[in-house]
Amino acid sequence: EIINTINIKEKSIILHDVRFKYKVSKKKLVKFKKIPSNIFSRFLAEYWIFKNVHKDDVVLYFGNLPPLFRLKGKVFVFIQNRFLLDKKYSYKQLSFFAKTRINYERFILNLFKNNVNKYIVQTESMLKLLKEIVDIEVYKLPFVPQTELKIKKNFSQNKRKIYDFIYVASGEGHKNHRKVLKAFLLLAKENIYPSILFTLKSKKYNKLIEEINHLNQFKKLRVFNVDWSNNNDFYNLYLESSALLFPSTCESYGLPLMEAKFLKMPILAPELDYVRDIVDPDQVFDPSSAISISRAIKRFLKL
């Protein structure tokens with residue numbers, strides 16, 4: 001998105017993880033350099049940057065972490081992982097690998113934080129958190145992809161509603177899907193059966209999807225899933241839904257909140273800083289409480 005948007009007038013080199021897939025218009029002045037996804041290759045890439053960056057160059061880091069070496073050029077680092085900055089958030093729901101990675105990245109950020117000229121974040125709360133860690137200038141730049149800004153022009157608000165709620169998110173623990181399921185079970189005990197659409201990748205989160213299918217079959221829940229990776233017409237999924245339910249416990253930005261705001265959809269979300277950075281929800285709840293989530297749903301449904 002950034003490559004296609006900016007007007008590159010000078011030679012640019014993009015180093016990226018081999019797993020990163022991109023579709024960009026051809027630009028003669030842009031060259032791509034693939035980096036294998038391991039620590040040793042990351043170090044070699046850092047050394048390559050150190051040797052090749054000159055005084056008048058600008059270097060943008062989009063992976064949350066600063067460079068390992070002090071570079072001659074001007075360095076900007078974009079931080080979007082709230083877990084690296086906000087230690088009050090519990091990450092007990094994350095996998096052992098995820099916890100280990102977060103601790104490692106926190107260590108790297110603190111050790112090399114001064115190898116940066118300016119940091120970039122997207123929200124006010126992220127700016128305040130980062131300023132507690134670094135003494136370097138921090139920019140708040142709440143950018144969104146250009147495609148998001150065209151939503152209202154390209155899609156009809158009059159589309160027939162199929163789902164009561166939609167939750168656009170991957171299946172990591174802090175996204176809180178299981179708490180939503182518990183809330184829906186509480187509602188089922190009161191003979192209330194709202195529908196919700198998840199967007200989980202079937203291969204990656206097959207265990208969670210199996211749980212959902214089991215609850216649908218034996219508890220009569222109405223929880224549906226569309227594999228986000230296989231759906232190119234995802235904005236129509238928003239428009240087929242009456243409201244966004246967004247129970248995530250930790251986000252740096254929460255793009256679905258912005259998408260729902262553009263579409264003028266009602267929003268049910270936690271009473272947390274990252275939410276208030278972007279929107280004023282129609283209903284709020286405690287994301288750690290299935291009872292609180294179920295009550296917010298009942299208030300929204302006027303039950």
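User: In this predicted model, how many of the 5 residues of strand β7 are buried?

Analyst: Strand β7 covers residues 163-167 and is largely enclosed by the rest of the structure. That description holds because, of its 5 residues, the number that are buried is 4.

User: Which residue of strand β10 stands opposite F165?

Analyst: Strand β7 is joined by 3 bridges to strand β10, residues 241-245, and the two run parallel. Within this pairing, the residue of β10 that stands opposite F165 is A243.

User: What is the handedness of the β-α-β crossover that leads from β7 to β8?

Analyst: Strand β8, residues 195-198, runs parallel to β7 and is joined to it by 3 bridges, with I166 standing opposite L197. The chain passes from β7 through α7 to reach β8, and the crossover made in this way is right-handed.

User: Which helix gives the most residues to the largest nonpolar core?

Analyst: The largest nonpolar core holds 53 residues, and those with the most contacts inside it are F184, I196, F198, L245 and L257. The greatest contribution to this core, 6 residues, comes from the helix spanning residues 177-189, which is α7.

User: Which residues does F198 contact, leaving aside its neighbours within four places in sequence?

Analyst: F198 is one of the residues with the most contacts inside the largest nonpolar core. Once its neighbours within four places in sequence are set aside, the residues in contact with F198 are Y167, H177, V180, L181, I212, V223, F224, N225 and V226.

User: How many residues does the second, separate core have?

Analyst: Apart from the core of 53 residues, there is a second one that includes Y61, L65, L85 and V116. The number of residues in this separate core is 29.

User: Is E46, the salt-bridge partner of R42, buried or exposed?

Analyst: The side chains of R42 and E46 meet in a salt bridge with an N to O distance of 3.0 Å, and because the two residues lie 4 apart in helix α2, residues 39-52, they are separated by about one helical turn. R42 has a relative accessibility of 35% and therefore counts as partly exposed. E46 has a relative accessible area of 2%, so it is buried.

User: How many residues apart are E211 and R178?

Analyst: E211 and R178 form a salt bridge through their side chains at 2.8 Å, N to O. E211 counts as partly exposed at 28% relative accessibility, and R178 is partly exposed as well, with a relative accessible area of 40%. The pair links distant parts of the chain, since E211 belongs to helix α8, residues 206-219, and R178 to helix α7, and their separation in residues is 33.

User: Which residues are joined into one network by salt bridges that share partners?

Analyst: D280 forms a salt bridge with R276, the closest N and O atoms being 3.1 Å apart. D280 is exposed, with a relative accessible area of 64%, whereas R276 counts as partly exposed at 38% relative accessibility. Through shared partners, the residues joined into one network are E271, R276 and D280.

User: What percentage of the residues in the protein is buried?

Analyst: The secondary structure of the protein comes to 12 helices and 12 strands, and the protein exposes about 17,500 Å², of which carbon and sulfur atoms supply 53%. Among its 303 residues, the buried share is 46%.

Conventions
Residues numbered from 1 in each chain as written. Predicted model: local features only at pLDDT ≥ 70, side-chain atom pairs only at ≥ 80, totals over all residues. Heavy atoms only, no water. Core = buried A, V, L, I, M, F, W, Y, C linked by side-chain atoms within 4.5 Å. Buried < 20%, exposed > 50% of the residue type's maximum accessible area, 1.4 Å probe, protein only. Contact = heavy atoms within 4.5 Å. Salt bridge = Lys/Arg side-chain N within 4 Å of Asp/Glu carboxyl O. Pairing = 2+ DSSP bridges. Right-handed = clockwise from strand over helix to strand, strands pointing away. Areas by Shrake-Rupley, 256 points an atom, 1.4 Å probe, with all protein chains shown as cover.
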